[in-house]
Amino acid sequence: MSDIQPVLYIENTGGSGRGIGFYSEAALCGRRANLNAELSDESGEAASTGITFHKLAEMYHRGDSIPGVVLPYANFSADAVQEGLRLFGAYRQRYARDFLGEVIDTEILLPEGGLEASPTLQEQVLAAVGVWPFTARIDMAVRRTTQGKIGDYVLEPGVYLVDHKTKKRKDPDAETTYRFSPQMLAYQLLWNALRPKEKCSGFIINVVVAHKKLDGDSFQQFFIPPPTEDEVAGFKHWLQDAALKAQLNQANLARCSLGYGLCPHLLTGACTRR
């Protein structure tokens with residue numbers, strides 16, 4: 001009789017609380033951002049694949065045993081779980097758990113306590129990014145003890161943040177997109193403010209592209225250097241503007257049509273555009 005295999009159930013447990021996704025939407029439409037936050041989050045197929053991969057990667061890099069059986073929980077997509085398993089299987093075969101450096105921690109919620117953070121931490125976040133509330137969940141932090149290279153960048157020994165990405169196809173503009181992503185900038189600011197004794201030396205984007213045949217071309221890493229003073233100033237202005245739009249609950253009429261159809265909140269009557 002075979003041993004009973006441990007089972008991992010995959011579900012969407014939500015984000016960090018009030019993070020870059022909320023403010024990115026609020027920058028475009030404050031009303032839509034607030035309504036999205038109020039409603040239950042039902043992930044699409046691509047997002048569900050990413051959630052599956054992230055959970056398995058978290059366990060792998062943390063050094064936990066990977067369960068023999070992985071199943072969807074409730075109405076989570078079974079196809080997405082299988083695709084996430086396929087991507088993770090190839091990823092684990094290709095990379096050792098510490099290939100980017102010694103793992104400091106995974107799935108790091110900042111600030112500690114999230115939206116229930118202490119007043120002192122709230123003040124530190126406000127000083128770092130210009131608004132409160134603002135939370136982040138960083139996929140992984142590593143410590144490199146040797147020099148390395150990603151693209152044209154030389155990585156010196158130090159602490160680096162890591163973000164895992166799963167993509168349906170390879171993006172020729174990926175490096176530029178990540179380089180100017182508010183997420184990568186915000187997470188570095190937040191980490192450095194709350195972990196001043198181990199400030200990060202940059203951000204590593206760790207990408208798996210879901211090709212039908214997973215080979216060397218399916219795996220990419222990009223490096224994002226620490227932001228400049230001008231970039232920090234511009235980011236804070238953008239974030240404060242987004243926070244104000246959310247606070248005023250402004251509906252942006254130009255966003256009622258999203259390119260693929262009307263905004264679902266307009267169709268359901270949740271938003272009257274007033």
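**Notebook: salt bridges and a cavity**

I started with the charged side chains and found Lys-55, Glu-58, Arg-62 and Asp-64 linked in a network of salt bridges. Note to self: this is a predicted model.

**Entry 1, inside the network.** I zoomed in on one pair of that network. Lys-55 and Glu-58 make a salt bridge through their side chains, at 3.6 Å from N to O. Where do these two sit relative to each other in helix α3? They are three residues apart in α3, which spans residues 45-62, so about one helical turn separates them. Next I looked up how open each partner is. Lys-55 comes out partly exposed, at 31% relative accessibility. Glu-58 has a relative accessible area of 12%, and the cut-off for buried is under 20%, so I logged Glu-58 as buried.

**Entry 2, Lys-165 and Asp-163.** I moved on to another pair. The side chains of Lys-165 and Asp-163 form a salt bridge, with 3.0 Å from N to O. Is Lys-165 buried or exposed? Lys-165 is buried, its relative accessible area being 17%. Asp-163 is buried as well, at 4% relative accessibility. I wrote this one down as a salt bridge with a buried lysine and a buried aspartate.

**Entry 3, Arg-195 and Glu-198.** Here I checked an arginine. Arg-195 pairs with Glu-198 in a salt bridge, and their closest N and O atoms are 3.2 Å apart. I looked up accessibility here too: Arg-195 is partly exposed at 24%, and Glu-198 is partly exposed at 22%.

**Entry 4, the tally.** How many salt bridges does the count come to? I get 12 by the distance rule.

**Entry 5, the cavity.** Then I went hunting for enclosed space. I found one cavity of 30 Å³ or more, and the largest cavity holds about 90 Å³. I pulled up its lining, which includes Cys-29, Cys-256, Cys-263 and Cys-271. Arg-31, Arg-32 and Arg-255 also line it, as do Leu-35, Ala-251, Asn-252, His-265 and Leu-266.

Which helices supply at least two residues each to this lining? I noted α2 (30-38) and α9 (264-268). The largest share, three residues, comes from α2.

Last, I sorted the lining by residue class. My notes say seven nonpolar, two polar and three charged. Cysteine goes in the nonpolar bin under the scheme I used, so the cysteines are part of that nonpolar set.

Definitions and conventions:
Residues numbered from 1 in each chain as written. Predicted model: local features only at pLDDT ≥ 70, side-chain atom pairs only at ≥ 80, totals over all residues. Heavy atoms only, no water. 1 Å grid on protein atoms, 1.4 Å probe; cavity = no way out; pocket = protein on both sides within 12 Å on 5 of 7 lines; lining within 4 Å. Points joined across faces, edges and corners; volume = space filled by probe spheres on them. Helix = DSSP H or I, 4+ residues; strand = E, 2+ residues; numbered from the N terminus. Salt bridge = Lys/Arg side-chain N within 4 Å of Asp/Glu carboxyl O. Buried < 20%, exposed > 50% of the residue type's maximum accessible area, 1.4 Å probe, protein only.
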